[in-house]
Structure formats: C-alpha cells, structure tokens
Amino acid sequence: MKMKHGMIDIGSNTMRLVIYENREGKGFKQIENLKVVARLRNYLDNDSLLNEEGIHVLLQTLQTFQIITRHHELTHVSCVATATVRQAKNKEYIVQLVKENTDFSMKILSEYEEAFYGFFAVTNSTSIEEAVTIDIGGGSTELTYFRNRELVEYHSFPFGALSLRLQYVKDHVPTNEERGKIRDFVRSEFQTLSWLKKRYVPIVAIGGSARNLVQLHQSFIQYPLAGVHQYKMAPRDIAQVKTIITPYSYGELQKLEGLSKDRADTIMPAIEVFQALCEVVNAPSFILSRKGLREGVLYKEAHEQSQGTMYPDVVERSFQELVDDFEINPIYVQQVTRTATMLFQHLRVNALPTLTDDDLELLRKGAQVFHLGEYIDSESSSQHTFYLLANRTIDGLTHLERLKLALVASYKGKSTFRQYIEPFREWISKEEQRKLLLVGALLKLATSLNATKRNVVTHIEVKITDAMLTFTLVCNGNYKAEEYQAEKQKKHLEKVLKKPIALNFKYITN
C-alpha cells in the first residue's frame, strides 16, 4: 500500500515542501519538491523579533504549500522550523498565527532535535561507523559526533552561512579580509568543543551549502558518475574549489554551473566553515549526505510506527529496494548466489588465495542485481544494468563501491567490461580490475547454470591442475539446458583464468 507524507522544513534561508510516497516495506520515494528562498533570517531584527514582513513571507509561503498539499489530499504533513523561528522571541505568536491561517501545526525543533535528525538521517542512509556531522543552515550550524553509529556528542552554534554573511560581509561576496574574519571566528568557536579536536574521523556534511560545494567540485573535475550522496572529497579538494571561485564576481557566481543562484552570496562563508571544521577535527575526508533533517524526521517517525531497527543495515535495505523495484525473483537470486559462492570458494582455496572476503561480498551483491537491466530491455540488459547501478544512489555504498557493483553485475564479456571501465581506469588498479573480471565471469557462469530457473545444480566439485580446471556439477534433474548455456559461457572464465575448463554434469536421484 502506498501512502503520501508531506514534510515542510522552515529554515533560515529556504523553506521547502517535500512530498514522499511511503511504499510499505520499500522506503520513501520523493515525488514532489518545492523550494522557496524566503530568507527569514533577513527579517529577524536587532531585538530578535521576526518582523511583520517576515511573518507575512512565512504565512504566504505556507499558504502556497497548502495549495499543493490539498491537491495531493495529504492527511499527514510534518511542519518543522529551525534556527530563525527558534531564536525569535515572538515564536509563540508565530506558531499561533500559522495554526490560525494554514492547515499546518508548526513544531519548532530544539537544538538537540535538529542535530539528532541530521545524525539519524546519516546513520540511516550510509554505512559510516564513526564521524563528525555538520549541518550548516542559514542561521545555525549543528555538529554531532557518533561512534559505532550511536550519537555521542552534539552542539548547535547560533550562526549559519546566511547569518555569517550578514554579520561579516559588506557586499555580496566577501573580501580576503572578511573571509579571514569569518575563518578566525568560526575556528575559535569550534575550538571550544574539546570533543572535536584532533578527532581524525570523516566529516559528513548535510544541507544545501555542502551539496553545492560537492556539485562545484564535480563540475570542475568533470566527474563521470551521477549523484552526490556519499560523494567523498579530501580537504585539499575543498581548498581547490575555494581557490577557483575566489576571483569570481557575484554575477559570475550566480551563473556558475553546480552552484544554485540563491547560494551565490553564502557559498564562501560556508566553505570557510567547512575548512575550519576539517582543520580542527583533522579530518581525512569530507563526505556529503544527501539525506538530512527532513529524512531524519521521516526515518524517526517510521521507526516509531514500526518499532523496527533504530540503525538498520542500510546496504541490505537498499538492495531489497532494488530487488523490489526491478521485480527480481529472490528464489532465483538465492540459487545464483549459492552457485557463484561455491565456485568462488573452490577457486580461492585451490588456486587464487589472493581473493578476499570483500571480493566474496561483492560477488554476492552482484548476484542480487545481475543484469537487472533486463527489466528495461533484454537485448541491451548489460548496458542498462551498468548505467542504472553506476548512476543510481544506493544508500550504504560509496561511489567506488557502486561502480564496482555496476561492472560485475553488468558483466557480458571482457570487451564490454573494458568499454564501461574506460572513464574510470585511474580509479581501479589493474589487479583490482582482474578481480572484477573474475567475479563478473563467475556470475555469468552461475546464471547459465540456472538457465531454466529450476535450481537443478545442487553441488559443485572442482579439480584444478596446471593444465586445466574440471568442474563436476551434481544435478537433481534434467540439466541439458544448463549444460548448453554453461558450455557457451565458460569461455569468459577461461579467459580470466587463462586455463581451459571442462564441465562434467552428473544426474543424481534423491
């Protein structure tokens, strides 16, 4: 059963309505996303009151969102507000006005809640075990530190990309002196948190500023894969982006590919914050989480309703979604996985001790989605499989892991493998490429050994000599179709192993 769920996020810089389709057992799918650059922070006066103009902008935007939520006939809309409304002294009045003039009941998130939801989104959409998270909004910056996927520390600073620009920058783009003042201020603030210093863990960044930084870097290096979730940068990459865009005027920044026009005046303050945090933490890497506060709220509500695992196996859930989306037969997958695993283990024990448990895990993942592109077109299933897996966000997998999965799950032969890997040759060593070829060839042979989807192969024995490999395949039924297909497909494994393979099929009755 599919149900729709609305989520309104009232930030200091932007207000956003997102509508998700909650597919029971299959997670959330975004179907609508509307952003309004309201910049409520600009309407917070010196007495920390949201002025009448700001309240008008807030209500008018919510009434626009209301038209859409009513069109979708939503029965459940979560409406949350963060730093600017939280810091406003007239927040109770604002909450009452929202209730009286719209369909929504606005909840003002505490500093802890805002930090927690960001952390919760990260641990429910990545496999990262330990990190410092940062969610820099327009008016506040939330930091958390988690270890073993459990929240250990959190803090909320009352500054964000927009408030830093308003406080330190006279024009739209900061001067060198203004950037220096932002950097010194932010670094001194971060230094007050002892649990941040020299932690030497990755920084996981959430929010629009981090997303725009990543998009700029991808644009500058002509990154060949789609998607930003779990994109990894080194601190020097942040410095590279900063160096490139520093000479740009405000007008030039507004036209820059990868940078949202409405963030042209806040991207530099945000970069100073990211750099300062990397320095204080001594972070080896900077990773983007595309999932943030809104998804954190949804994950938490879903957990409370189902009483499921607080921090699930993200990769397992992602693969279940792939199996469901592409209507993959789980019984067929079990057999292919079993057959491929038997072949792999025999080769590892008797011929290829350099194969690792990570290689075996990749083989098993590849078996779950091998040639899923058949769902689109059977004649070009390999091409569709590679494109879909290489360019689709798969929660829990890094971009490199996603690429490796795409290469083995799309395996058709050595020539197509070379074609697919060409733009990524520098990413993967030659030794690793040989392993990927082997895993792909094993999966290709394993699928041929279940050509009729009857699970006829029950056991495999392998004899390896200097001259050749002999596979004895014990079957519980007529195996002629499997024998025919396997004889055709064994050549791929022979090329990788550089040895002939003899297939010996045996029928054994129960």
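Begin by selecting Asp 9, Asp 135, Gly 207, Gly 208 and Arg 294, the residues that lie nearest the centre of the largest cavity, whose lining comprises 33 residues. The structure on screen is a predicted model.

To extend the selection by element, colour β6 (130–136), α5 (161–168), α7 (208–221), β11 (286–289) and α11 (293–306); each of these gives two or more residues to the lining of the largest cavity. The space enclosed there is about 480 Å³. A search for cavities of 30 Å³ or more gives a count of 1.

Next, colour the lining by residue class. In the lining of the largest cavity, 15 residues are polar, 11 are charged and 7 are nonpolar.

Now move to the helix pair. Select helix α17 (residues 414–421) together with helix α18 (residues 430–448): their axes come within 11 Å and cross at roughly 135°. Is α17 parallel or oblique to α18? The crossing angle makes α17 oblique to α18, because an angle counts as roughly antiparallel over 145 degrees and as roughly perpendicular from 65 to 115 degrees. The crossing of α17 past α18 is right-handed.

Finally, show the side chains at this crossing. On α17, select Lys 414, Phe 417, Arg 418 and Ile 421, and on α18 select Gln 433, Leu 436 and Leu 437; these residues make the contact. Sorted by class, the contact of α17 with α18 contains 4 nonpolar residues, 2 charged residues and 1 polar residue.

Conventions
Residues numbered from 1 in each chain as written. Predicted model: local features only at pLDDT ≥ 70, side-chain atom pairs only at ≥ 80, totals over all residues. Heavy atoms only, no water. Axes fitted to C-alpha atoms, helices over the stretch in contact; angles between N-to-C directions. Helix = DSSP H or I, 4+ residues; strand = E, 2+ residues; numbered from the N terminus. Parallel < 35°, antiparallel > 145°, perpendicular 65-115°, else oblique. Left-handed = near helix turned anticlockwise from the far one by under 90°. Contact = heavy atoms within 4.5 Å. Nonpolar A, V, L, I, M, F, W, Y, C, P; charged D, E, K, R; others polar. 1 Å grid on protein atoms, 1.4 Å probe; cavity = no way out; pocket = protein on both sides within 12 Å on 5 of 7 lines; lining within 4 Å. Points joined across faces, edges and corners; volume = space filled by probe spheres on them.
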